[in-house]
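Colleague: I should like to learn how to read a structure that is new to me. May we go through it feature by feature?

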Amino acid sequence: MLVSKDFRIDLFHKVVCKKLYLSDKMAERAEEIEEFGNLRIFVCSKEDILLFKSMTLDRPGDKEDSLRLIQQGINWKIILDELLSQIKNSNDQ
């Protein structure tokens, strides 16, 4: 975790809060925003960010961030499909 005056970055490896993992579909939806030689940086879709934030709503700012994402417009079918897939494949993780 990196905390600054203006932002916070949490870095997870594969699973968030032992509940949700970065699936192949999530990786496909992610957008590459920067490349530094062999390092490529991606940002998850709004829908996937909302899913991850829903796992950590007790953290400061997550409820407000989630509301802002919803106000920007969310494809709820993506969220439902991802949740159903994660539930179906939860025994594989």
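**Reading the model step by step**

Modeller: Let us begin with a single residue, D10, which lies in the loop between strand 2 (8-9) and strand 3. Please keep in mind throughout that this is a predicted model.

Colleague: Is D10 buried, partly exposed or exposed?

Modeller: The general idea is to compare the relative accessibility with fixed cut-offs. Buried means under 20% and exposed means over 50%. D10 has 22% relative accessibility and therefore counts as partly exposed. Beyond its neighbours within four places in sequence, D10 is in contact with M1 and R59.

Colleague: How far apart are D10 and L20 in sequence and in space?

Modeller: D10 and L20 are 10 residues apart in sequence, and their C-alpha atoms are 15 Å apart. One may set another pair beside this one: K18 and M55 are 37 residues apart in sequence, with 9.2 Å from C-alpha to C-alpha. K18 is found in the loop between strand 3 and strand 4, and its relative accessible area of 81% is why K18 is classed as exposed.

Colleague: How should I describe the chain as a whole?

Modeller: One lists the elements and then their order. The protein chain has four helices and six strands, and from the N terminus on the order is β-β-β-β-α-β-β-α-α-α. The C-alpha trace spans about 40 × 35 × 25 Å along its principal axes. Of the 93 residues in the protein chain, 23% are buried. Among contacts between residues at least 6 apart in sequence, 51% join residues at least 24 apart.

Colleague: What should I look for when two helices pack against each other?

Modeller: One reads the approach of the axes, the crossing angle, the handedness and then the residues that meet. Take helix 2 (residues 46-54) and helix 4 (residues 76-88): their axes come within 9 Å and cross at roughly 55 degrees. The two helices are therefore oblique to each other, and their crossing is right-handed.

Colleague: Which residues of helix 2 and helix 4 meet?

Modeller: From helix 2 these are E47, D48, L50 and L51, and they meet W76, I78, I79, E82 and L83 of helix 4. By class, this contact has six nonpolar, no polar and three charged residues.

Colleague: At what angle do the axes of helix 2 and helix 3 cross?

Modeller: The axes of helix 2 and helix 3 cross at roughly 155 degrees and come within 10 Å. An angle over 145 degrees counts as roughly antiparallel, and helix 2 and helix 3 are therefore described in that way. The crossing of this pair is left-handed. On the side of helix 2, K46, I49, L50 and K53 take part, and they meet D62, D65, S66, L69, I70 and Q72 in helix 3. By class, the contact of helix 2 with helix 3 has four nonpolar, two polar and four charged residues.

Colleague: Why do residues three or four places apart in an α-helix point the same way?

Modeller: An α-helix has 3.6 residues a turn, so residues at that spacing point the same way. In the present case, one may also ask which residues are covered. The buried residues of helix 2 are E47, D48, L50, L51, F52 and K53. Their cover includes strand 3 (15-16), strand 4 (20-21), helix 1 (24-29), helix 3 (62-72) and helix 4.

Colleague: How does one read the surroundings of a buried polar or charged residue?

Modeller: One states its place, its accessibility and its partners. E82 lies in helix 4, and its relative accessible area of 3% is why E82 is classed as buried. Setting aside its neighbours within four places in sequence, E82 is in contact with S23, K25, M26, R29, D48 and L51.

Colleague: S23 appears in that list. Where is S23 placed, and is S23 buried or exposed?

Modeller: S23 is in the loop between strand 4 and helix 1. With 7% relative accessibility, S23 counts as buried. Outside its neighbours within four places in sequence, S23 is in contact with E82 and Q86.

Colleague: With which side chain does the side chain of S23 make a polar contact?

Modeller: That partner is the side chain of E82, at 2.8 Å. In addition, a polar atom of the S23 side chain lies 3.1 Å from the backbone nitrogen of M26. Place, accessibility and partners have now been read together for this residue.

Definitions and conventions: Residues numbered from 1 in each chain as written. Predicted model: local features only at pLDDT ≥ 70, side-chain atom pairs only at ≥ 80, totals over all residues. Heavy atoms only, no water. Axes fitted to C-alpha atoms, helices over the stretch in contact; angles between N-to-C directions. Parallel < 35°, antiparallel > 145°, perpendicular 65-115°, else oblique. Left-handed = near helix turned anticlockwise from the far one by under 90°. Contact = heavy atoms within 4.5 Å. Nonpolar A, V, L, I, M, F, W, Y, C, P; charged D, E, K, R; others polar. Buried < 20%, exposed > 50% of the residue type's maximum accessible area, 1.4 Å probe, protein only. Polar contact = N/O pair within 3.5 Å; in protein donor to acceptor, adjacent residues only side chain to side chain.
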